[in-house]
Amino acid sequence: MARIAPSLLSADFARLGDEVRDVIAAGADLIHFDVMDNHYVPNLTVGPLVCEAIKPHSSVPIDVHLMVKPVDRIVPDFAKAGASIISFHPEASEHIDRTLSLIRDQGCKAGLVFNPATPLAWLDHVMDKVDLILIMSVNPGFGGQSFIASALPKIAEARRRIDASGRDIWLEVDGGVKADNIAAVAKAGADTFVAGSAVFGEKDRKAAMAKLRGALAGAR
Ligand code: DX5
Ligand code: ZN
């Protein structure tokens, strides 16, 4: 099953509730919610208050991508604000195993995020605590960047690890995903696709989603 997760980062921030409804009507499976702190990444976005504000507008799970350091203090706030999935970067946590457990204890799915230069070895001892692996195909911090091709073999390697584990772990890809590369991303083994500019950057979100779905169908 292929899930598409439009990233709010490219939405109109003055109309977030309407924007969320718009992409869900267009078939979004998740709402990807990028949290940046001007410390772990050189940009500043939104926090739990905004997550809580969009929650009543979202009939699909909210997929929170934390680009913040430290991680643990803010996790319960996002759980209370309605997050279904909370993902974080291993470099931003002092105790990765503890953070993964904290997220699950708060009733959310736990995700680990890999920057382009971050090795998958961080997964070695925590596969049983991970519900989602997020491979970054850009360096985190901004929407609208170009897809880094070396993400493809990395996605394939993550797929091999997931299959070997026998666990139900989602494999998400984030950054520069468009209609012209989403099939290759799917072929490499991803099942969940973040798309910021490719969806919210387009006026007609239905057409943008249909274009991505069409390209995905071609991958099979
Ligand atoms: C980048 C964010 C992405 C971003 C993707 O740090 O994590 O989720 O919104 O935007 P596009 O799809 O435009 O690359
Ligand atoms: Zn993201």
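Guide: A metal's donors are N, O and S atoms within 2.8 Å of it (3.2 Å for Na, K and Ca); water is not among the atoms, so sites may look incomplete. This is a predicted model, where local features need pLDDT of at least 70 and side-chain atom pairs 80 or more, while totals for chains, interfaces and linings use all residues. Residues are numbered from 1 along each chain as written, chains are lettered from A and ligands numbered from 1 in written order, and side-chain values use heavy atoms, without hydrogens or water.

Visitor: Which residues are the protein donors of the zinc ion (ligand 2)?

Guide: Look 2.0 to 2.3 Å from the ion. There you find His32 (NE2), Asp34 (OD), His65 (ND1) and Asp174 (OD).

Visitor: How many residues apart are histidine 32 and aspartate 174?

Guide: Helices (H or I, at least four residues) and strands (E, at least two) are DSSP runs, numbered from the N terminus. Histidine 32 sits in strand 2 and aspartate 174 in strand 7, so the pair links distant parts of the chain, at a separation of 142 residues.

Visitor: Are histidine 32 and aspartate 174 buried or exposed?

Guide: Buried means under 20% relative accessible area, exposed over 50%, partly exposed in between (1.4 Å probe, protein chains only). Both histidine 32 and aspartate 174 are buried.

Visitor: Which exposed residues does helix 7 carry on the face turned away from its buried side?

Guide: The buried residues of helix 7 include Met209 and Leu212. Because they cover an arc (of directions from the helix axis to the C-beta atoms) of only 125 degrees, they lie on the same side of helix 7. The face turned away carries Lys206, Lys211 and Gly218.
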